[in-house]
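Biologist: I should like to request a close look at a single part of this model. Please take the pocket as the starting point and proceed from there to its surroundings.

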Amino acid sequence: QMREAGELRQLLQSVDADGTGSVSLDEFLQLGDAPRLNAILEVMGLDIRDANLLHSMLRSAGESSEVNLDFLVDAMMRMKGPAMSVDLQALAYKTDLLQE
């Protein structure tokens, strides 16, 4: 699992165009435009169907418009598994918003 996290970190660093150590929404959306990256994510069990929502959920945990790479890697590793994982995370996020 450490190896996969390292590979994921490298993938995310490849879209961190400005080298800030965090990923903006525009940079994150580049994952969807790169078939090779999507194939690697799929092999890892990560299916990101709604990148906008995922980035928004993760960004809401901080005060920046970008998501820290380490936080992003950790969150995505927790979502590994069936494609439904991201759906459950989205549901939890929307529920929290409704309760506020």
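Which helix gives the most to the lining of the largest pocket?

Modeller: The structure is a predicted model, and the description below should be read accordingly. Helix α6 gives the most to the lining of the largest pocket, with four residues. At least two residues of that lining are supplied by each of α4 (51-59), α5 (69-78) and α6 (84-99). The space in this pocket amounts to about 200 Å³. Its lining is formed by Met57, Leu58, Ser60, Ala75, Arg78, Met79, Gln89, Ala92, Tyr93 and Asp96. By residue class, six of the lining residues are nonpolar, two are polar and two are charged.

One of the lining residues, Ala92, belongs to helix α6. Ala92 counts as partly exposed because its relative accessibility is 40%, which falls between the limits of 20% for buried and 50% for exposed. Met57, also part of the lining, is separated from Ala92 by 35 residues in sequence, while the C-alpha to C-alpha distance between the two is 9.5 Å.

Helix α5 leads from the pocket to the core. Ala75, a lining residue, is buried in α5, as are Leu69, Leu72, Val73, Met76 and Met77. The cover over the buried residues of α5 includes α1, β1, α2, α3, α4 and β2 (67-68). At the N-terminal end of α5, Asn68 acts as a cap, with a side-chain oxygen 2.8 Å from the backbone nitrogen of Asp70.

The largest nonpolar core comprises 29 residues, and Leu8, Leu12, Phe28, Leu72 and Met76 have the most contacts inside it. Two or more residues of this core come from each of α1 (2-15), α3 (35-43), α4, α5 and α6. Helix α5 provides the largest share, six residues. Nonpolar side chains tend to be buried together in soluble globular proteins. Beyond its neighbours within four places in sequence, Leu12 contacts Val23, Phe28, Leu31, Leu69, Leu72, Val73 and Met76.

A loop residue completes the account. Ser24 is located in the loop between β1 (22-23) and α2 (25-29). Ser24 counts as buried because its relative accessibility is 16%, and the limit for that class is under 20%. With residues up to four places away in sequence set aside, Ser24 touches His55, Ser65 and Glu66.

How values were computed
Residues numbered from 1 in each chain as written. Predicted model: local features only at pLDDT ≥ 70, side-chain atom pairs only at ≥ 80, totals over all residues. Heavy atoms only, no water. 1 Å grid on protein atoms, 1.4 Å probe; cavity = no way out; pocket = protein on both sides within 12 Å on 5 of 7 lines; lining within 4 Å. Points joined across faces, edges and corners; volume = space filled by probe spheres on them. Nonpolar A, V, L, I, M, F, W, Y, C, P; charged D, E, K, R; others polar. Buried < 20%, exposed > 50% of the residue type's maximum accessible area, 1.4 Å probe, protein only. Contact = heavy atoms within 4.5 Å. Core = buried A, V, L, I, M, F, W, Y, C linked by side-chain atoms within 4.5 Å. Polar contact = N/O pair within 3.5 Å; in protein donor to acceptor, adjacent residues only side chain to side chain.
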